[in-house]
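Me: I would like to go through this model term by term, asking each time what earns a feature its name.

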Amino acid sequence: VNNLLELSRLDNKQVKWDMKLIDAKDVLINVVNKMDMNIKRKNQILIVNTPDKVPEIFADRDRIEQVFQNILSNAYKYTPEGGKIYLDVEAADNIVRIKFRDTGIGIPKEDLPRIFERFYRVDKTRSREMGGTGLGLSIMYNIIRTLNGDISVESKEGEWTEFTLIFPLYK
């Protein structure tokens, strides 16, 4: 219900945004620290590559944290025990690019164009077992687009998935 309400608020531009300059790397590290115990419990390896200094972006910190949490949770959920999750942050050409890549089950090629649709589930049976509403990626997509960012996904079924987030630098 909360996810439906959130999507409705996003659609109707009723979300209150707390826009300010934020350190996306700091938000990402905070999310990593929250997820670290779960990742270790599943014997997954988390590899984080970030430069020492990342330019600030103009965004809502809580919303960005929500997006990072959702992507990292999905990587954790769909990566088997002993798998790897990579987080890469880079700044170049007036953008900050953040990549989340896992060695999980992947997404079939035919499903990729629909992955950000509401209620879309790649594998209905597995999705029921693992929980979720089919709204998380749609919410993330809407948040990123509202913040003038971009999100894309690439995947090879049975091998890996990579989400790339791009945020413009504040001018």
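The exchange below sets values against definitions.

Reply: This is a predicted model, in which local features need pLDDT of at least 70 and side-chain atom pairs count only at pLDDT 80 or more, while totals for chains, interfaces and linings use all residues. Residues are numbered from 1 along each chain as its sequence is written, and side-chain values use heavy atoms, with hydrogens and water left out.

Me: How many helices and strands does the chain have, and what pattern do they follow?

Reply: The chain has 5 helices and 7 strands, in the order α-β-α-β-β-α-β-β-α-α-β-β along the sequence. Both kinds of element are DSSP runs numbered from the N terminus, a helix being H or I over at least four residues and a strand E over at least two.

Me: How do you know that the length of H2 agrees with what is expected of a helix?

Reply: The expected span is 1.5 Å times one less than the number of residues. Helix H2 (residues 24-41) has 18 residues and should therefore span 26 Å, which agrees with the 26 Å between its end C-alpha atoms. Even so, H2 has a kink of about 50 degrees centred on Met 35, where the bend is the angle between axes fitted to the seven residues ending there and the seven starting there. At the start of H2, a side-chain oxygen of Asp 23 comes to within 3.0 Å of the backbone nitrogen of Lys 25, and just after the helix Asn 43 has a positive phi of about 55 degrees.

Me: What covers the buried residues of H2?

Reply: The buried residues of H2 include Val 27, Leu 28, Val 31, Met 35 and Ile 39, and their cover includes strands S1, S2, S3, S4 and S5 together with H3. Helix H3 (residues 61-78) itself has buried residues, among them Ile 64, Val 67, Phe 68, Ile 71 and Leu 72.

Me: Why is Thr 161 called buried?

Reply: Buried means under 20% relative accessible area, exposed means over 50% and partly exposed lies in between, with a 1.4 Å probe and protein chains only. Thr 161 has a relative accessible area of 6% and is therefore buried. This residue belongs to strand S7, and its contacts (heavy atoms within 4.5 Å), leaving aside neighbours within four places in sequence, include Phe 100, Ile 107 and Val 153.

Me: What makes the pair Phe 116 and Phe 163 edge-to-face?

Reply: A search of the whole structure finds 3 aromatic pairs. Phe 116 and Phe 163 form one that is edge-to-face, with 6.3 Å centre to centre and 70 degrees between the planes. Rings of Phe, Tyr and Trp (its six-membered ring) pair if their centres lie within 6.5 Å, and planes under 30 degrees apart count as stacked, over 60 as edge-to-face and the rest as tilted. Phe 116 lies in the loop between S5 and helix H4 and Phe 163 in strand S7, so the pair ties together parts that are 47 residues apart in sequence. Both Phe 116 and Phe 163 are buried, and ring pairs link these two and Tyr 141 into a cluster.

Me: How do you know that a charge sits over the ring of Trp 160?

Reply: The test asks that NZ of Lys or CZ of Arg be within 6 Å of the ring centre and within 35 degrees of the ring normal. The charged end of Arg 101 sits over the ring of Trp 160 at 4.0 Å from its centre, and that of Lys 42 over the ring of Tyr 76 at 4.9 Å.

Definitions and conventions. Polar contact = N/O pair within 3.5 Å; in protein donor to acceptor, adjacent residues only side chain to side chain.
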